[in-house]
Amino acid sequence: MTKKVGYILEKIADKENLRRAVKNSQRGGKAKRRKQIRDFNADAENQIEKLQKMILTLDFPSHNSRKLERKADKGKIRKLDDEDYMPWKIMSHAIMQVIEPIVNRSLIADTSCCIKGRGCLYGVKRVKRMMRRNPYHNWFSQSDCKKYYQSIDPDYLERALRHKFKDKRFIELMKICVLDYYSGDEIQQAIADERAKKERCANWRIHQWDDRQPHPQRDRPYPHGGVPRKVASKLR
């Protein structure tokens, strides 16, 4: 059984951790562009003490998110919830700085893309390596999830956190700062709209589930009696 980790809330509320969170949250010249950050920096130490008290007492102001639309690199429009800098944006960094090393240790080696040192290139190399080791299984599946983060049930995430951490006050902090969203009718409607959109597509057949088993050989037969060259050399 995995040993649960405790005393997380105190580590998050540590002033050095909060100062590092403030520094990381202002990277990329954000302090020059946002008035909220400039106001925070004008009285930084007092604001950090105020944030520390919020964490230890679990007494936070209500969320005041604003709906924004940002265009991604490939032109896709993404709808974002913009929270206030103090305390929410700082809290996200303060929490991740403490729990990220703990969570990353429990992930499999193939987990990539959002972990430092394991980007998309790392994932591509892992797939190519497994395909070379298994020449008869050169098949892979590519998929995408509509409204991925919003469609995750907050209760499921809470159970996963309780399985990893035994600090009950930290779980309450996560419910206030991270799990305070509703995954319900809006997400289901977005998924239904996406399915209706694909049904109107001329190539709807490619989106349907196919339970046929892939053929163990490629369409074009190998030389040496249907065995790859590298494998055939080892069999000799």
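A residue is called exposed when its relative accessible area is over 50%, buried when that area is under 20%, and partly exposed in between. The exercises below use these cut-offs on a predicted model.

**Exercise 1. Decide whether Y7 is buried or exposed, and describe its backbone.**

Step 1. Y7 belongs to the segment before α1, a helix that covers residues 8-13.
Step 2. The relative accessible area of Y7 is 66%. The cut-off for exposed is over 50%, so Y7 is exposed.
Step 3. Phi of Y7 is positive, at about 55 degrees, although Y7 is not a glycine. Most residues other than glycine have a negative phi.

**Exercise 2. Place L58 in the chain and classify its exposure.**

Step 1. L58 sits in the loop between α5 and β1, and β1 spans 66-71.
Step 2. With a relative accessible area of 23%, L58 is partly exposed.
Step 3. L58, a residue other than glycine, also has a positive phi, near 55 degrees.

**Exercise 3. Describe how helix α2 packs against helix α5.**

Step 1. Locate the two helices: α2 is residues 15-25 and α5 is residues 44-57.
Step 2. Give the geometry. The angle between the helices is about 120 degrees, and their axes are 10 Å apart. The crossing of α2 past α5 is right-handed.
Step 3. List the residues that meet. From α2 these are K15, L18, R19 and V22, and from α5 they are E45, I48, E49, L51, Q52 and I55.
Step 4. Sort the residues of this contact by type: five are nonpolar, one is polar and four are charged.

**Exercise 4. Follow I48: find its exposure and what it touches.**

Step 1. I48 is part of helix α5.
Step 2. Its relative accessibility is 3%, so I48 counts as buried.
Step 3. Leaving out residues up to four places away in sequence, I48 touches K15, L18, R19, V22 and F40. Among them, K15, L18, R19 and V22 are the α2 residues of the contact with α5.
Step 4. Now look further along the sequence. M86 is 38 residues from I48, yet their C-alpha atoms are 9.6 Å apart.

**Exercise 5. Classify the aromatic pair of F40 and Y85, and say which parts of the chain it ties together.**

Step 1. The protein has three aromatic pairs, and F40 with Y85 is one of the pairs formed.
Step 2. The ring centres are 5.5 Å apart, and the planes make an angle of 80 degrees. Planes over 60 degrees apart count as edge-to-face, so the pair of F40 and Y85 is edge-to-face.
Step 3. F40 is in helix α4, residues 35-42, and Y85 is in helix α6, residues 85-104. The pair therefore ties together parts that lie 45 residues apart in sequence.
Step 4. Both F40 and Y85 are buried.

**Exercise 6. Find the form of the peptide bond from M86 to P87.**

Step 1. P87 is found in helix α6.
Step 2. Omega for the bond from M86 to P87 is near 10 degrees, and the bond is cis. Most peptide bonds are trans.

**Exercise 7. Describe the surroundings of R162.**

Step 1. R162 is in helix α9, which runs over residues 154-164.
Step 2. A relative accessible area of 33% makes R162 partly exposed.
Step 3. R162 touches K4, I171 and E172, when residues up to four places away in sequence are not counted.
Step 4. V5 is 157 residues from R162 in sequence, and the C-alpha to C-alpha distance is 9.8 Å.

**Exercise 8. Summarise the whole protein.**

Step 1. The protein contains 13 helices and two strands.
Step 2. Of its 236 residues, 24% are buried.
Step 3. The accessible surface is about 18500 Å², and carbon and sulfur atoms account for 51% of that surface.
Step 4. Take the contacts between residues at least 6 apart in sequence: 66% of these join residues at least 24 apart.

Technical notes
Residues are numbered from 1 along each chain as its sequence is written. This is a predicted model: local features need pLDDT of at least 70, side-chain atom pairs count only at pLDDT 80 or more; totals for chains, interfaces and linings use all residues. Side-chain values use heavy atoms; hydrogens and water are left out. Axes are lines fitted to C-alpha atoms, for helices over the stretch in contact, and angles run from 0 to 180 degrees between N-to-C directions. Helices (H or I, at least four residues) and strands (E, at least two) are DSSP runs, numbered from the N terminus. A crossing is left-handed if the near helix is turned anticlockwise from the far one by less than a right angle, and right-handed if clockwise. Contact means heavy atoms within 4.5 Å. Ala, Val, Leu, Ile, Met, Phe, Trp, Tyr, Cys and Pro count as nonpolar, Asp, Glu, Lys and Arg as charged, and the others, Gly among them, as polar. Rings of Phe, Tyr and Trp (its six-membered ring) pair if their centres lie within 6.5 Å; planes under 30 degrees apart count as stacked, over 60 as edge-to-face and the rest as tilted. Buried means under 20% relative accessible area, exposed over 50%, partly exposed in between (1.4 Å probe, protein chains only). Accessible areas come from the Shrake-Rupley method with a 1.4 Å probe; for residues, only the protein chains shown count as cover.
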